[in-house]
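Me: I would like to go through this model by question and answer. Please keep each reply short and end it on the item asked for.

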Amino acid sequence: MSDTPLITAQNLSVHYPLRGNLIGPKPYVGAVENVTIEIAPGSFFGLVGESGSGKTTLGRAMLRAAPITKGDVLFEDGEVSYSLKNLGKQELKDYRKRAQLIFQDPYAALSPRMTVRDIIAEPLEVMGLTKSRVETDERVREIAAKCRLNVEHLRRFPHAFSGGQRQRISIARALVSGPKFIVADDSVAALDVSIQADVLNLLKAIQEDMGLTFLFISHDLSVVAHVCDHVAVMYLGRLVETAPTRTLFSTPRHPYTQALLSAIPSLDPDDRGCAQKLEGEIPSPTNPPPGCKFQTRCPHAIDRCRVEEPALESAGTEHNVACHRWQELAS
Amino acid sequence: MSRLIDVENLTLQFDTDEGRITAVDDVSFSLEAGEVMGLVGESGSGKSVTAKSLMKLNPRNAVYGPDTKITLHLDDGPVDVMSLQNDTEMKVVRGGAISLIFQEPMASFAPAISIGDQMVEQLLIHTDFSKAQAKELSIEMLDRVGISDPSTRFGQYAFELSGGMRQRAMIAMALSTKPKLLIADEPTTALDVTIQAQVIDLMKDLVSEFGMGIIFITHDLGVIAQTADKVAVMYLGRLVEQGTVRDVIRRPAHPYTRGLLAALPTLDDIDAPLTPIPGDIPSPLERPPGCVYNTRCQEVIGPRCSTEIPKFSQVDSDHAAACHLHDPQGDAP
Ligand SMILES: Nc1ncnc2c1ncn2[C@@H]1O[C@H](COP(=O)(O)OP(=O)(O)OP(=O)(O)O)[C@@H](O)[C@H]1O
Ligand SMILES: Nc1ncnc2c1ncn2[C@@H]1O[C@H](COP(=O)(O)OP(=O)(O)O)[C@@H](O)[C@H]1O
Ligand code: SF4
Ligand code: SF4
Ligand SMILES: [Mg+2]
Ligand SMILES: [Mg+2]
């Protein structure tokens, strides 16, 4: 990437301590292990992987909302330049307005007793970003309009809204402080396709309009293919492949990426059962297998995979893959 | 194939604080043994409520329409589900002939009782098995759905299993009574694609092995394409299109089905724009008159759409849609 990245995870590890024995090394969950990614300003960067692979944790670490155990996250937006590991109190407060999280779960905690106006205004009030109620109202109306919520909506309570409208409320709340970087985490909620298309189009429009950078966490590879410019694939806390979207979907190199793509149900009823099926489940991160973390499910695993962990290496322009055998398998 | 269930004119309303709402409106379909029917539609369209009606499982504030008739064809003869009154009479359908797999597997297991004890308890209610036999069968079923080390899993609690395993355990429990009809309500929605693919395979194997009928509820048309023989599309409580999976997906005849397909991101053309259906699904308190889809339809053909409820018209031998586009004359003079 020619631009200075807006945000960079540098050999980032996030460990969560586990209750354990008094003797011996302290046990932990390696939720994120030695991950390096760069996100260019204006990028819509996708992050995919199975449940438990560490996507939310990585996203939260980039928001300084998960502990940074090793490595660092660097943020550089032209105005400020932060090392998230070493943020002072004042800087952290400032970072909170620059980086925000959207829960893409329509049933997520939108407080039922607050009006939509108050829900959207809350971050402004908590961070003390506006000086008067008039200014707050103006800011709320402006951002609500961008999210296609009208003045009438602002007076109502969230229970009166459909799933799509609730999403727009959460988006407005995340945008109201004027952030540069947004982590959009779809957790598990599968939205109706029509609402999903609408919300995605809205996010893209807002991104262009406000010059935002997104880390878009999703379970749905088809969605990622349509909205993201770059994609990173995670497995058991590790980055296994990263590439521009088109490259990743046309020439996936990691056996895990290939398996994920092949598991997407085809819309063609005559194309049944030809998918390459992945057996078993993602191992527990408290007790990861030695060597390549994917070796317990990989159809191509060899002895070397069981002892030596593959490092990320270049497989083309901006294309990186962590597999001992990618070259051999590509030919 | 033999007929398994006939649903005729199913209408279901709920009494709520805000008034009486119509959740299901005059829905009719039938299913043969060994057949998989996909039921699709946006959330709130009435899929789950329809499914629960087949077992009369809806809560007390539910009011069934007077013309509603649900007939389950069992070996001992037809059962008129609407006429079943008390729990004893309901035993034949609930957990016996019909099993239901819920959307949220966590909700279907009691947290403080082990998976195995719940399976055994269910079998003791619905079969004549002894406790030992029930345990043996439960472990066998856990094994059949691909859960490794089933005798250990038998003693574990729902929270100790991963999402995929929990879903498999649900399926094992639902199948242990050897139901004639399995209703799977969004059984894969909360799963990763890799686990979803495993569960889909498993369900397909089970149909061919047990020959049961399946109603597969989902809003994922890809999952439908991979599992169903036929499809019914629901919108705001009404069925709007029915047909074989090939016909409905390749030649959707109802504007709503076409809208759903256009909104779907596919890998065939990743540059194609995602086209949402305009507007929001109306509240069930404000159901539009005429065609329920007329507030969002892009193909409205005239005032009839907002005055006259479209009837099903055949568009092919096994394919029908309820839209005035396919019924140019209609009732109007
Ligand atoms: N606060 C925490 N304490 C301990 N372990 C945690 C914590 N947060 C996450 N983990 C563990 O870290 C791993 C990664 O979790 P994470 O939530 O990042 O996954 P994810 O990729 O977002 O999954 P999903 O797709 O289900 O949202 C998991 O094993 C999880 O149990
Ligand atoms: N117990 C209930 N009381 C009142 N309304 C209900 C009840 N259960 C469902 N509904 C309403 O019935 C409609 C259909 O719901 P449901 O069948 O759950 O939709 P789907 O499964 O298609 O998402 C919705 O408008 C829902 O709010
Ligand atoms: S390193 Fe080995 S086990 Fe890991 S993905 Fe490559 S081939 Fe498979
Ligand atoms: S009947 Fe009219 S409004 Fe309804 S789907 Fe057909 S064209 Fe659209
Ligand atoms: Mg997550
Ligand atoms: Mg439902």
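Me: Over how many bridges do β10 and β11 of chain B pair, and in which sense?
Reply: The model is a predicted one, and the pairing is read from it. Strand β10(B) covers residues 230–235, and strand β11(B) covers residues 238–244. One pair in this ladder is B:Val233 with B:Glu241 of β11(B). The sense is antiparallel, and the count is six bridges.

Me: Which residue in the turn between β10(B) and β11(B) has a positive phi?
Reply: The two strands form a hairpin, with two residues between them. One residue in that turn has a positive phi of about 45°. That residue is B:Leu236.

Me: Which other strand do three bridges join to β11(B)?
Reply: Besides its hairpin partner β10(B), β11(B) runs antiparallel to a strand at residues 319–322. In that ladder B:Gln242 stands opposite B:Ala320. The strand joined by three bridges is β13(B).

Me: How many of the seven residues of β11(B) are buried?
Reply: Strand β11(B) pairs with β10(B) and is also joined to β13(B). A residue counts as buried if 20 or more other C-beta atoms lie within 10 Å of its own. By that criterion β11(B) is mostly covered, and the number of buried residues is six.

Me: Which residue stands opposite B:Thr71 in β6(B)?
Reply: Strand β5(B), residues 69–74, pairs with β6(B), residues 77–80, in the antiparallel sense over four bridges. The two form a hairpin with two residues between them. Opposite B:Thr71 stands B:Asp80.

Me: How far apart do the C-alpha centres of the two domains of chain B lie?
Reply: The domain assignment divides chain B into domain 1, residues 106–178, and domain 2, residues 252–326. The distance between their C-alpha centres is 41 Å.

Me: How do the residues around ligand 4 divide by class?
Reply: The shell around ligand 4 has 14 residues. The closest are B:Cys291, B:Asn294, B:Cys297, B:Cys305 and B:Cys323. Cys counts as nonpolar in this scheme. The division is 10 nonpolar, three polar and one charged.

Me: Which element gives the most residues to the shell around ligand 1?
Reply: Ligand 1 is surrounded by 13 residues, of which the closest are A:Tyr16, A:Ala31, A:Ser51, A:Thr56 and A:Thr57. By class the shell has four nonpolar, eight polar and one charged residues. Both β2 (28–39) and α1 (55–62) of chain A supply at least two residues. The element that gives the most, with three residues, is α1(A).

Me: Which element gives the most to the side of chain A that touches chain B?
Reply: The contact takes 35 residues from chain A and 37 residues from chain B. On the chain A side, the elements that give two or more residues are α6 (163–175), α7 (193–210), α8 (221–227) and α10 (255–263). That side divides into 17 nonpolar, 11 polar and seven charged residues. The element that gives the most, with six residues, is α7(A).

Me: Why is chain A said to be as compact as a globular protein of its length?
Reply: Chain A has 11 helices and 12 strands. The globule rule gives 20 Å for 331 residues, and chain A comes close to this, so it is as compact as a globular protein of that length. Buried residues make up 45% of the chain. The value behind the comparison is the radius of gyration, 21 Å.

Technical notes
Residues numbered from 1 in each chain as written. Chains lettered and ligands numbered in written order. Predicted model: local features only at pLDDT ≥ 70, side-chain atom pairs only at ≥ 80, totals over all residues. Near = placed C-beta within 6 Å. Contact = placed C-beta atoms within 7 Å. Rg over C-alpha atoms; globule rule 2.2 N^0.38 Å. Buried ≥ 20, exposed ≤ 12 C-beta atoms within 10 Å, placed from the backbone. Domains from an automatic or database assignment. Pairing = 2+ DSSP bridges.
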